Amino acid sequence: MGERIITFAEALNEALDIMMAKDEKVIVMGEDVGVYGGVFGVTKGLIEKYGPERVRDTPIAESGFIGAGVGAAAMGYRPVVELMFIDFLGVAFDQIYNQAAKIRYMFGGRAKIPMVLRTVAGAGFSAAAQHSQSLHSIFIHVPGLKVVMPSTPYDAKGLLIASIKDDDPVIFIEHKGLYGTKGPVPKDEYEVPLGVADVKRRGKDVTVVATAAMVHKSLAVAERLSREGIDVEVIDPRTLKPIDADMILSSIRKTGRLVVVDEGYPRCSFATDIAAMAASMAFKSLRAPVKLVTPPDTPVPFSPALEEKWIPSEADIEKAIRSTMEDK
């Protein structure tokens, strides 16, 4: 497989192209996914190759077109439906948590919903409180959904291909700050299996579990601290549900310290879920209190100066790591 350096957005586009060429049941739906190529360019060029029957621009009616995706999946298609911003989930949530998530269970496995719902999360663009949230924890809460959140172009392509092949509904969340991130990506088809985390950096002193854009900030902090002899292990779950508990717990038992870094709101969240896992399954291994690095429990500010303060920073991550190291 030839490897090139391409962007996160280009990696996602390749995954869609490969799967649409391979399986005519793979269709794309959403607002501006056709002629415009998607608000972030991920579906660019697909309508020219596969036509408007398989790349469908929809009205601004999220409940309608996500419901249509659920129906298409039930009839044997593999729809990839784009929800332009994760903040819009409220107007379509019944179709997601009451229909897509439950159909396979309620029909005793005789019906399946192989639908991928792609959506965009993340702050940092002065897009204000209704276009900047990271609401992945809401989806993690719902039985029947799988939740994916990649951090690199390689993972993005492999995880999207695996998600399209999966027979259950997958919520595929892309951080808008990562679309321009570049990295090595094989040209051909490959999969990153769902439910398998990745150790982005090995270390022996502190475990950092980080998601999406926070992975890159955590890695930068880890490199700086390594020059002081603090050896940080950074784990990227990649799939938030099902979670790779074995890899995370194994790392905590090795280091005895845990910092969770996530852009979701702090209460009843991915971060608190990982902290609860550590407390209930690896408590005797912990040498220091678990630290959570999240935004405050407020809407995302529109003001660039306030938004910068709101997003977890490298300084916040470093402070949390140093705090865990104070307990010998």
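Let's start at a charged side chain: Lys 25 lies over the face of Tyr 77, at 4.4 Å from the ring centre. Keep in mind as you look around that this is a predicted model.

**Aromatic pairs**

Rings meet one another here too, and a search of the whole structure turns up eight aromatic pairs. Two of them are set side by side below.

| Pair | Distance between ring centres | Angle between planes | Class |
|---|---|---|---|
| Phe 40 and Tyr 179 | 4.9 Å | 20 degrees | stacked |
| Phe 93 and Tyr 97 | 4.8 Å | 35 degrees | tilted |

Why does Phe 40 with Tyr 179 count as stacked? Their planes stand at 20 degrees, and planes under 30 degrees apart fall in that class. Phe 40 sits in the loop between strand E2 (26-30) and helix H2 (46-50), while Tyr 179 sits in the loop between strand E7 (170-175) and strand E8 (182-186), so this pair ties together parts that are 139 residues apart in sequence. Phe 40 is partly exposed, its relative accessible area being 29%, whereas Tyr 179 is buried at 7%. Both residues also belong to one aromatic cluster, made up of Phe 8, Phe 40, Phe 85, Phe 88 and Tyr 179.

Phe 93 and Tyr 97 have a local setting: both are in helix H4 (residues 93-100), four residues apart, or about one turn of the helix. Is each ring buried or partly exposed? Phe 93 counts as buried, with 18% relative accessibility, because the limit for buried is under 20%. Tyr 97, at 31%, counts as partly exposed.

**The five-stranded sheet**

Further along the chain you can find an open sheet of five strands in the order E9-E11-E10-E13-E14, with mixed pairing. Which strands form its edges? They are strand E9 (198-201) and strand E14 (291-293), each of which pairs on one side only. On average, neighbouring strands of this sheet are turned by 25 degrees against each other, direction ignored.

Within the sheet, strand E10 (residues 206-210) pairs with strand E11 (residues 232-236) in the parallel sense, over four bridges. For a place to zoom in, try Val 206, which stands opposite Val 232 in E11.

A helix joins the picture as well. Helix H12 (residues 314-325) lies across E10, E11, strand E13 (258-261) and E14. Relative to E14, helix H12 runs at about 180 degrees.

Key
Residues are numbered from 1 along each chain as its sequence is written. This is a predicted model: local features need pLDDT of at least 70, side-chain atom pairs count only at pLDDT 80 or more; totals for chains, interfaces and linings use all residues. Side-chain values use heavy atoms; hydrogens and water are left out. Two strands pair if DSSP finds at least two bridges between them. Helices (H or I, at least four residues) and strands (E, at least two) are DSSP runs, numbered from the N terminus. Axes are lines fitted to C-alpha atoms, for helices over the stretch in contact, and angles run from 0 to 180 degrees between N-to-C directions. Contact means heavy atoms within 4.5 Å. Rings of Phe, Tyr and Trp (its six-membered ring) pair if their centres lie within 6.5 Å; planes under 30 degrees apart count as stacked, over 60 as edge-to-face and the rest as tilted. Buried means under 20% relative accessible area, exposed over 50%, partly exposed in between (1.4 Å probe, protein chains only). A charge sits over a ring if NZ of Lys or CZ of Arg is within 6 Å of the ring centre and within 35 degrees of the ring normal.
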